Number of protein chains: 2
Amino acid sequence: VNLLVVGSVAFDNIETRAGEGKRLLGGSATYFSLAAAPFCTSRIVAVVGEDFTPEYEEVLTNRDIDIEGLQRAKGLTFAWGGTYSENFETRETQFTDLNVFADFSPELPASYRDSELVFLGNIQPSLQMDVLRQIDNPGLVAADTMNLWINDNREELLEVIRNIDILFINDEEAFLLTGRYPLLKAASMLLEMGPDRVVIKRGEHGAFLFGAGKNFYVPAFPLDDIVDPTGAGDSFAGAFMGYLAQEEELNDESFRKAMITASAVASYTCEGFGVEKLKRLTPEKVLSRSEEIQDLTSI
Amino acid sequence: VNLLVVGSVAFDNIETRAGEGKRLLGGSATYFSLAAAPFCTSRIVAVVGEDFTPEYEEVLTNRDIDIEGLQRAKGLTFAWGGTYSENFETRETQFTDLNVFADFSPELPASYRDSELVFLGNIQPSLQMDVLRQIDNPGLVAADTMNLWINDNREELLEVIRNIDILFINDEEAFLLTGRYPLLKAASMLLEMGPDRVVIKRGEHGAFLFGAGKNFYVPAFPLDDIVDPTGAGDSFAGAFMGYLAQEEELNDESFRKAMITASAVASYTCEGFGVEKLKRLTPEKVLSRSEEIQDLTSI
């Protein structure tokens, strides 16, 4: 099964209580595809600038990620800097240089048109729709979004949501988008907007799966040390979709197992700066932590 | 098995998005003993004033709660007023009239001295110790606390913690008391302070059990509507201890089942103003919701 992701590739400057990292390879498409890598190869649609040197490219190609859809543009790669508070509850953006990402117009190589699993990472909703239209016959489409699009591009976002199978969203965005409280009411309204399933991410408090099948909850794995939570949400989605991509057949149980796998991979992401821990992640490690997560709630 | 609780009995004025209630029977000992009522009778040590009329008393005695240790003092009962924000994330205290609670000196009736399970509700730590000293041979002692005692009565609190088996504490208090982050590190340090087990409550995000046996996590039940979260933490502890009181034998599994039972009862508490839902709670209802909670994390 072919898994496609559209999103950002970025250079991140990150500062946390554990230290700091500069020009770390980041971006939603990067985290997503590396998190999926223990399970399946994925195809990336994104844009980078002239400063995206072979050493960065190799982080992706070393994990068999297909970068034919990685556009090269004149100028610099999207760059972002952020500082996390002591307990990681908030983060302050130091700078956001969109650079080549500002004019990103996703165009899929012909070889990507047969993609079966699609993840529309957190980019402008009309661009998400552009990508979707270029795929012949997608089997399962998921999308992520953020408060910026909820506030400024609501109608386009609603069109995306009507056309997808799974919405990934965090709890605050769910409240913002629906105006409903508590979570169960917000989830019901999101499901009425179109998707069969909605995954509500709650950071260090785990994630809920609502919709087709029974409601399901996975805790976040309690870590002894958090180094850098950047990309945990994209890693969650990447591992979720990657797990589904390698399943013979998808049933309700597959989605629940995908949730546990996703939580496991997201926890690894938080244990290193940037994609450090994802680069070396093996299916065995993921399985081992998945079992630990299941054990947390088993009597 | 005899379960004793020391804590407050209060009249609460509560305002939430769902409405408001005035002079609702509340207080930690009230919530605790009513939450334990589906499983066992409990003995209350607390103080009330002259305004504590028979109708309030009957809320307790109707559930076979032993009120021999309920002291009557001249003056008014402890009264508290609070307003919850729209999404229940914060609450503002409108007033705190300690009244007779200001001079509370817990004295146990002779009939209480053989109590086997003991819960030291959230009162001044030196009073918690006074209660403990009046019990002949307690089998299992648990205690709750709050930021006020952590900040102002730290040494006395540490003495309590050295002398108990289970500490109930919320995540913010755990960080405050230990200065450690993340949760796992805070929990380790709390366990070094004395107790065999620590239960870290996280409100709508569930609760962790650390210590003897494996780490265990129970989610909060996702409610369609939250009416009033007051007393959810005390209900959690009451159901937890009540569940243990009716077990033939205590092993690690008993504590995990107690966690699920506690989460179930705490969720019922949030569905009504004050103790409204607890007054009528049956073992069957608790079991049914406990099964729903287990189902949330089962594949």
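**Where chain B meets chain A**

Thirty-one is the number to start with: the contact (heavy atoms within 4.5 Å) takes 31 residues from chain B and 31 residues from chain A. This is a predicted model, where local features need pLDDT of at least 70, side-chain atom pairs count only at pLDDT 80 or more, and totals for chains, interfaces and linings use all residues. Residues are numbered from 1 along each chain as its sequence is written, chains are lettered from A and ligands numbered from 1 in the order in which they are written, and side-chain values use heavy atoms, with hydrogens and water left out.

Now, the charges. Chain B and chain A share 8 salt bridges. Here that term means a side-chain nitrogen of Lys or Arg within 4 Å of a carboxyl oxygen of Asp or Glu. One of them pairs A:Glu204 with B:Arg202, at 3.2 Å from N to O.

Which element gives the most to the side of chain B that touches chain A? α9(B) does, with 4 residues. Helices here are DSSP runs (H or I, at least four residues), strands likewise (E, at least two), numbered from the N terminus.

Next, the backbone. Most residues other than glycine have a negative phi, and most peptide bonds are trans. A cis peptide bond joins A:Tyr181 and A:Pro182, with omega about -5°. A:Pro182 is in the loop between α6 (171–178) and α7 (183–192) of chain A. In chain B, a cis bond joins B:Tyr181 and B:Pro182, omega again about -5°.

Last, A:Asp64. Its phi is positive, about 60°, and it is not a glycine. A:Asp64 sits in the loop between α2 (54–61) and β5 (70–72) of chain A.
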